[in-house]
Amino acid sequence: MPAAQLRRVLARKIAVSCRHHGEDPASHAQALDAVVARCVASGLVDDRRFAEARAATLRRKGQSQRAVAARLSAKGVSRELVGEVTAGEASDELTAARIAAKRRRLGPWRAAEKRAESRQKDLAALARLGFAYATARAVIDGEAEPSR
């Protein structure tokens with residue numbers, strides 16, 4: 001869990017508790033900062049480790065670089081760290097697109113008789129997942145398994 005997400009979760013719990021007890025949540029801001037700082041200093045919360053692990057998991061599931069970056073940003077990971085973690089090679093993006101197409105039975109993983117008529121829909125599906133047109137076209141027009 002990144003530090004920003006920890007801060008949001010704890011702030012929400014403080015707000016609920018303060019509403020129940022009739023207190024002002026702002027009076028607990030200093031304690032919130034101290035707890036988050038202590039968790040970061042002790043290594044319990046490490047944005048880089050979280051971002052790298054989450055990015056690897058999402059890539060194995062067939063998520064595009066754009067989708068991974070969006071998910072990490074939504075969790076509160078800094079823009080610079082997101083850029084470092086998601087910077088990858090074109091082959092990584094192609095591999096992720098193949099995984100996504102296989103999971104959704106698009107292109108080469110679709111029934112042979114429906115492949116040609118569904119080409120545009122399959123390209124659009126990969127585009128909505130955040131893959132570039134060239135990558136989507138290479139996967140949809142390619143073979144089921146990469147040639148080795």
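**Figure 1. Helix 8 passes helix 9 with a right-handed crossing.** In a right-handed crossing the near helix is turned clockwise from the far one by less than a right angle, in a left-handed one anticlockwise. The model is predicted, so local features need pLDDT of at least 70 and side-chain atom pairs pLDDT 80 or more, while totals for chains, interfaces and linings use all residues. Residues are numbered from 1 along each chain as its sequence is written, and side-chain values use heavy atoms, without hydrogens and water. Helix 8 and helix 9 (residues 133-140) pack at an angle of about 135°, and their axes are 9 Å apart (axes are fitted to C-alpha atoms, for helices over the stretch in contact; angles run from 0 to 180 degrees between N-to-C directions). Helix 8 is therefore oblique to helix 9 (under 35 degrees is roughly parallel, over 145 roughly antiparallel, 65 to 115 roughly perpendicular, the rest oblique). From helix 8, Arg119, Asp122, Leu123 and Leu126 take part in the contact; from helix 9, Tyr133, Ala136, Arg137, Val139 and Ile140 do (contact: heavy atoms within 4.5 Å). This contact of helix 8 with helix 9 has six nonpolar, no polar and three charged residues (Ala, Val, Leu, Ile, Met, Phe, Trp, Tyr, Cys and Pro are nonpolar; Asp, Glu, Lys and Arg charged; the others, Gly among them, polar).

**Figure 2. Helix 1 and helix 2 cross at roughly 145°.** Helix 1 covers residues 3-21 and helix 2 residues 29-42, and their axes come within 10 Å (helices, H or I of at least four residues, and strands, E of at least two, are DSSP runs numbered from the N terminus). Helix 1 passes helix 2 in a right-handed crossing. On the side of helix 1, the residues that meet helix 2 are Ala3, Leu6, Arg7, Leu10, Ala11 and Ile14. Their partners in helix 2 are Leu32, Asp33, Val35, Val36, Cys39 and Val40. Sorted by class, the contact of helix 1 with helix 2 holds 10 nonpolar, no polar and two charged residues.

**Figure 3. Helix 3 packs against helix 5 at an angle of about 40°.** Helix 3 spans residues 47-60, helix 5 spans residues 79-86, and the two axes are 10 Å apart. This angle makes helix 3 oblique to helix 5. The crossing of helix 3 and helix 5 is right-handed. Helix 3 contributes Asp47, Arg48, Ala51, Glu52 and Ala55 to the contact, and helix 5 contributes Leu81, Glu84 and Val85. Four nonpolar, no polar and four charged residues make up the contact of helix 3 with helix 5.

**Figure 4. Gln5 of helix 1 and Arg49 of helix 3.** Gln5 is buried, at a relative accessible area of 16% (buried: under 20%; exposed: over 50%; partly exposed: in between; 1.4 Å probe, protein chains only). Gln5 and Asp47 are separated by 42 residues in sequence and by 9.9 Å in space, C-alpha to C-alpha. Arg49 counts as partly exposed, with 48% relative accessibility. The C-alpha atoms of Arg49 and Pro2 are 8.9 Å apart, with their positions 47 residues apart along the chain. Arg49 is in contact with Gly43 and Leu44, leaving aside neighbours within four places in sequence.

**Figure 5. Buried residues of helix 4.** Helix 4 runs over residues 65-74, and Ala67, Val68, Ala69 and Leu72 in it are buried. The buried residues of helix 4 pack against helix 3 and helix 5. Gly76, just after helix 4, takes a positive phi of about 100°.

**Figure 6. Ile99 in helix 6 and Arg105 in the loop between helix 6 and helix 7.** Ile99 is partly exposed, at 26% relative accessibility. Ile99 and Lys61 lie 38 residues apart along the chain, and their C-alpha atoms are separated by 6.8 Å. Not counting residues up to four places away in sequence, Ile99 touches Arg59, Arg60, Lys61 and Gly62. Helix 6 covers 90-104, and Arg105 is in the loop that leads from helix 6 to helix 7. Arg105 has a phi near 55°, a positive value in a residue other than glycine. The relative accessible area of Arg105 is 61%, so Arg105 is exposed.

**Figure 7. Confidence along the chain, with helix 7 and helix 8.** The chain averages a pLDDT of 89, and 96% of the residues score at least 70 (pLDDT: the predictor's confidence in each residue, from 0 to 100). Among the elements of the chain, helix 8 (residues 119-128) has the highest mean pLDDT, 93, and helix 7 (residues 112-115) the lowest, 86.
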